[in-house]
Amino acid sequence: MSADPLVAVLAEVVGPAHVLTDPDLTASYESDWTGRWAGRARCVVRPADTAQVTGVVRACATHAAPVVPQGGNTGLVGGSVPRGGEVLLSLARLDRVEPVDTLAGQVTAGAGVTLAALQRHAAQAGLSYGVDLAARDRATVGGMVATNAGGTHVVAYGTTRAQVVGLEAVLADGSVVSRLEGLPKDNVGYDLPGLLVGSEGTLAVVTRARLRLVPQLPHRVAALLAVPGLAAAVALVARLRSRVGGLQAVEYVERAGIELAVDQLGVADAFSSPHAAHLLVEVADHGDPTPLLADALDGADEVAEVAVADDGPGRTRLWRVREAQTEAIALAGVARKYDVTLPLSRLAAFRGDLDGVLAREAPGARAIVFGHLAEGNLHVNVLDADHLDDRLDAVVLGLVASHAGSISAEHGVGRHKAAYVHLGRDAADRAAMAAIKRALDPEGRLNPGVLFPAAR
Ligand SMILES: Cc1cc2nc3c(=O)[nH]c(=O)nc-3n(C[C@H](O)[C@H](O)[C@H](O)COP(=O)(O)OP(=O)(O)OC[C@H]3O[C@@H](n4cnc5c(N)ncnc54)[C@H](O)[C@@H]3O)c2cc1C
């Protein structure tokens with residue numbers, strides 16, 4: 001039995017079996033997917049429903065205990081694990097998904113429902129969920145809402161923000177805000193759910209979300225295009241955007257990442273000869289979109305080779321190298337990760353400058369660059385640079401800002417980029433964000449150190 005009085009109170013709220021203090025049981029909650037971020041929690045608490053989340057948050061308020069909300073712990077910016085001493089609030093048991101409302105084309109899902117479970121549930125009702133990402137088996141609704149997750153289908157359906165029609169959330173004082181009616185038009189005052197999307201657990205704990213669903217598109221084709229580099233890939237984006245209606249995904253992978261997936265995970269390269277980069281395009285529609293895609297690519301001299309698949313297993317094979325990137329990088333070492341967006345017109349120039357910066361600042365390091373090209377979103381992963389200090393972060397993120405890009409595309413700011421928010425938001429903007437934080441969490445107990453640098 002723990003001597004910590006808060007642990008005893010939390011055990012009354014959720015039951016003793018769901019307050020963990022044994023290091024063997026808490027360990028998996030205390031370090032993140034990348035291996036970069038870790039810290040000991042005061043305890044891990046696992047409520048089962050909104051009422052228990054309220055009880056936990058109230059108890060933490062009474063004991064002035066900081067709280068780190070956690071969903072699937074697949075976040076990549078150090079936002080989902082404690083620094084040391086916080087209560088780790090796992091939302092994983094809030095995994096109830098309600099029946100699909102086919103009339104509205106919406107569903108209400110608990111914060112702990114995984115993306116894969118949500119996708120299966122929507123499919124059983126003849127609909128789809130508009131967000132997809134490789135961490136689908138673990139990433140949760142609450143985590144995706146909190147990070148405004150993007151993923152591979154943003155070109156078709158937008159980010160998580162565009163799917164959220166309502167939220168239920170527990171505020172720092174334990175009060176519950178509930179807007180789950182799902183009315184497409186409902187302008188009674190401020191859009192609180194909109195504010196909470198992307199707030200990274202710093203303003204409230206998300207307990208349920210009302211989500212928009214999209215039609216299932218039965219005909220789907222994937223084409224893997226071998227291209228000589230990023231500039232050629234960007235030129236193809238313009239061609240595809242203007243000629244192909246049902247674009248679902250436009251994904252980019254470079255040679256170094258292809259080889260890493262082959263080496264680390266035994267994934268087969270789709271082409272027998274090596275190419276500088278691959279562009280993976282997926283198109284879906286109610287009729288066969290293959291002729292439209294073929295027409296759009298007719299005369300595209302940038303494309304050296306093409307592999308096409310219109311059946312499930314074939315598409316999965318073409319996606320394998322792209323989907324394997326994050327996992328292959330994690331197997332190769334602890335990478336410095338930069339998830340950034342550039343204007344498409346600046347992307348190739350940024351990529352060239354990045355090589356120069358890395359050669360100067362991190363000689364011998366390996367850059368694995370891939371991403372969601374239609375949005376100009378690159379994931380820059382620098383391996384063999386773990387021995388360097390944080391100067392590399394400042395230089396790479398500064399380079400992004402100098403190209404009018406965003407230092408935080410879809411993974412969030414987390415702890416990793418909290419000191420660099422000024423590169424993306426001016427003083428007035430930062431002051432407004434700080435005022436909102438003070439208003440909703442005056443004691444700064446929700447996810448301290450995330451988005452706002454930790455007080456020293
Ligand atoms: C292999 C792999 C591929 C990925 N691909 C993509 C991708 O394509 N696009 C993309 O956007 N991301 C991607 N990610 C990152 C990650 O999956 C997303 O950020 C996801 O949204 C995190 O969900 P989660 O449930 O794991 O959240 P966690 O990692 O548990 O938490 C993430 C953040 O949200 C907060 N949070 C979690 N749950 C709640 C809640 N209920 N209420 C309030 N705050 C909460 C946490 O405090 C933390 O700040 C990938 C990650 C991996 C490992």
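The following exchange covers the ligand site and one helix pair in a predicted model.

Residues are numbered from 1 along each chain as its sequence is written. Local features need pLDDT of at least 70, side-chain atom pairs count only at pLDDT 80 or more, totals for chains, interfaces and linings use all residues, and side-chain values use heavy atoms, with hydrogens and water left out.

Trainee: What makes a residue part of the shell around the ligand?
Mentor: One of its heavy atoms must lie within 4 Å of the ligand. Here 36 residues surround the ligand, with Pro-69, Gly-71, Thr-74, Gly-75 and Thr-140 the closest.

Trainee: Which helix gives the most to the shell?
Mentor: H5, with five residues. H5 spans 141-147. Helices are DSSP runs (H or I, at least four residues), and strands are runs of E (at least two), numbered from the N terminus.

Trainee: Why is the Gly-71 pair called a polar contact?
Mentor: A polar contact is a pair of N or O atoms within 3.5 Å. A polar backbone atom of Gly-71 is 2.7 Å from a ligand oxygen, so the pair qualifies. For Gly-72 the distance is 2.8 Å, again backbone to ligand oxygen.

Trainee: Why are H9 and H14 called roughly antiparallel?
Mentor: Angles run from 0 to 180 degrees between N-to-C directions, with axes fitted to C-alpha atoms over the stretch in contact. Over 145 degrees counts as roughly antiparallel. Helix H9 (230-243) and helix H14 (347-361) pack at about 160 degrees, axes 9 Å apart. Therefore H9 is roughly antiparallel to H14.

Conventions: A polar contact is a pair of N or O atoms within 3.5 Å; within protein, one must be able to donate a hydrogen and the other to accept it, and residues adjacent in sequence count only if both atoms are side-chain atoms. Angles under 35 degrees count as roughly parallel, over 145 as roughly antiparallel, 65 to 115 as roughly perpendicular and the rest as oblique.
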